[in-house]
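I opened my notebook for this one and kept the entries short. Here is what I looked up, roughly in the order I went.

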Amino acid sequence: MLFLCVAFCFLAAWFSVDCNPSPVLGDVVVDRYEIPKDCAREAKTGDYVRYHYNATFIDGKTLDSSYEKGAAKVGLIGEGRLIAGVDKGLQGMCVNERRKITIPPHLAYGSNGAGDVVPPDAALVFNVHLLDLWNKADLVVTKTISTPKDCKRSVMRTDFVRYHFNGTLLDGTSFDSSYNRKQTYNSLVGEGWLVKGMDEGLLGMCVGEIRHIVIPPFKAYGLKGSGKTARQANRNYGHKYLEEKLLSRKNKVHLYTVD
Ligand SMILES: *[C@@H]1O[C@H](CO)[C@@H](O)[C@H](O)[C@H]1NC(C)=O
Ligand SMILES: *[C@@H]1O[C@H](CO)[C@@H](O)[C@H](O)[C@H]1NC(C)=O
């Protein structure tokens with residue numbers, strides 16, 4: 001028993017001294033330096049994330065940046081599709097949080113490195129800003145902000161409605177508002193005139209009600225974003241950026257009439 005223990009200690013010491021010459025050992029280190037007050041949800045395995053990042057080596061030299069590429073990165077957590085250390089480091093992150101993830105080589109490109117871009121045994125540092133978060137299992141989520149005392153009639157399929165809305169992405173960026181156009185949005189409900197999420201989110205709403213509707217991307221503009229909206233905003237952002245940006249959305253709706 002004593003012999004085993006001594007042998008184990010010897011091996012452990014030998015490995016940590018000789019087999020791990022890198023300056024950063026062990027697990028990823030996460031520094032959550034900016035956490036938003038409201039964090040309804042934290043990223044976990046199986047979630048899709050959209051984020052901006054700056055990647056550097058431990059000495060601060062730039063490796064890569066999503067800003068330079070002109071598009072935020074979209075990734076799936078916990079399925080082995082991201083650099084292992086990034087995958088681990090994104091766990092538990094909130095939309096609009098900023099964090100610094102320091103990754104030891106064995107959870108990055110290891111002793112092989114990556115071509116002539118990442119040398120062998122290089123630790124990496126990722127500064128990440130999370131913009132969006134969703135899961136294939138997400139439902140449309142509605143929350144009533146205010147509702148009139150007297151609700152004679154609420155929205156059913158095939159109703160024609162008039163409403164005002166403010167549409168933002170999950171990180172708060174506005175993408176459209178009926179107020180800017182100075183006219184209400186008018187549509188049939190449940191007939192495919194609206195994106196699926198709005199068709200669902202408006203159901204049961206009273207005239208005069210104000211409601212908050214959160215729509216996952218696959219019930220809004222899908223993973224490619226909206227072509228029309230992308231074209232409109234092309235002037236400001238550039239096509240690719242906008243396609244990436246329009247992944248999921250949030251609407252605050254004020255219902256005026258149901259006919
Ligand atoms: C990445 O670097 C740019 C330029 O220095 C900076 O504006 C941006 O906030 C950085 N992003 C993150 C997530 O640290
Ligand atoms: C939309 O935003 C405008 C301007 O901030 C505000 O006056 C209006 O009440 C908002 N509407 C809804 C339905 O949230």
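Which residue in S11 is the bridge partner of Val 141? I looked it up, and the partner is Val 214. I note at the outset that this is a predicted model.

**Entry: strands S7, S11 and S12**

I followed that bridge outward to the strands themselves. S7 pairs with strand S11 (residues 210-215) in the antiparallel sense, over 5 bridges. I then went on from S11 and found that 6 bridges join it to S12, again running antiparallel. Val 214 turned up once more here, since its bridge partner in S12 is Lys 250.

**Entry: Thr 144**

I stayed on S7 (residues 141-146), where Thr 144 lies. Buried or exposed, I wondered about Thr 144? I count Thr 144 as exposed, because it has 12 other C-beta atoms within 10 Å and a residue with 12 or fewer falls in that class. Setting aside neighbours within four places in sequence, I found Thr 144 in contact with Glu 209 and Arg 211. I also checked Thr 144 against Val 253: they are 109 residues apart along the chain, and their C-alpha atoms are separated by 9.6 Å.

**Entry: ligand 2**

Val 253 led me to ligand 2, as it is one of the residues surrounding that ligand. The others I wrote down are His 164, Asn 166, Tyr 179, Ile 210, Lys 252 and His 254. The elements that give two or more residues to this shell are strand S8 (160-169) and strand S12 (249-258). Which element gives the most to the shell around ligand 2? That is S12, with 3 residues. Sorted by class, I have 3 nonpolar, 3 polar and 1 charged residues around ligand 2.

**Entry: ligand 1**

I did the same for ligand 1. Around ligand 1 I listed His 52, Tyr 53, Asn 54, Tyr 67, Arg 98, Asn 127, Val 128 and His 129. Strand S2 (48-57) and strand S6 (124-134) each supply at least two residues of that shell. By class, the shell around ligand 1 has 3 nonpolar, 4 polar and 1 charged residues.

**Entry: Tyr 33**

Arg 98 from the ligand 1 shell also came up when I looked at Tyr 33. Beyond residues up to four places away in sequence, Tyr 33 touches Arg 98, Arg 99 and Lys 100. Tyr 33 has its place in strand S1 (residues 29-34). I marked Tyr 33 as exposed, because it has 10 other C-beta atoms within 10 Å. I also noted the pair Tyr 33 and Glu 97, which are 64 residues apart in sequence and 8.0 Å apart in space, C-alpha to C-alpha.

**Entry: two positive phi values**

I finished with backbone angles. Most residues other than glycine have a negative phi, so I made a note of two exceptions.

Asn 96 has a positive phi of about 75 degrees although it is not a glycine. I found Asn 96 in the loop between helix H3 (84-89) and strand S5 (98-103). With 18 other C-beta atoms within 10 Å, Asn 96 is partly exposed.

Where does Lys 182 lie? It is in the loop between helix H4 (178-181) and strand S10 (185-188). Phi of Lys 182 is also positive, near 60 degrees. I put Lys 182 down as exposed, because it has 6 C-beta neighbours inside 10 Å.

Key
Residues are numbered from 1 along each chain as its sequence is written. Chains are lettered from A and ligands numbered from 1 in the order in which they are written. This is a predicted model: local features need pLDDT of at least 70, side-chain atom pairs count only at pLDDT 80 or more; totals for chains, interfaces and linings use all residues. A residue is near a molecule or strand if its C-beta atom, placed from the backbone, lies within 6 Å of it. Helices (H or I, at least four residues) and strands (E, at least two) are DSSP runs, numbered from the N terminus. Ala, Val, Leu, Ile, Met, Phe, Trp, Tyr, Cys and Pro count as nonpolar, Asp, Glu, Lys and Arg as charged, and the others, Gly among them, as polar. A residue is buried if 20 or more other C-beta atoms lie within 10 Å of its own, exposed if 12 or fewer, and partly exposed in between; C-beta atoms are placed from the backbone. Two residues are in contact if their C-beta atoms, placed from the backbone, lie within 7 Å. Two strands pair if DSSP finds at least two bridges between them.
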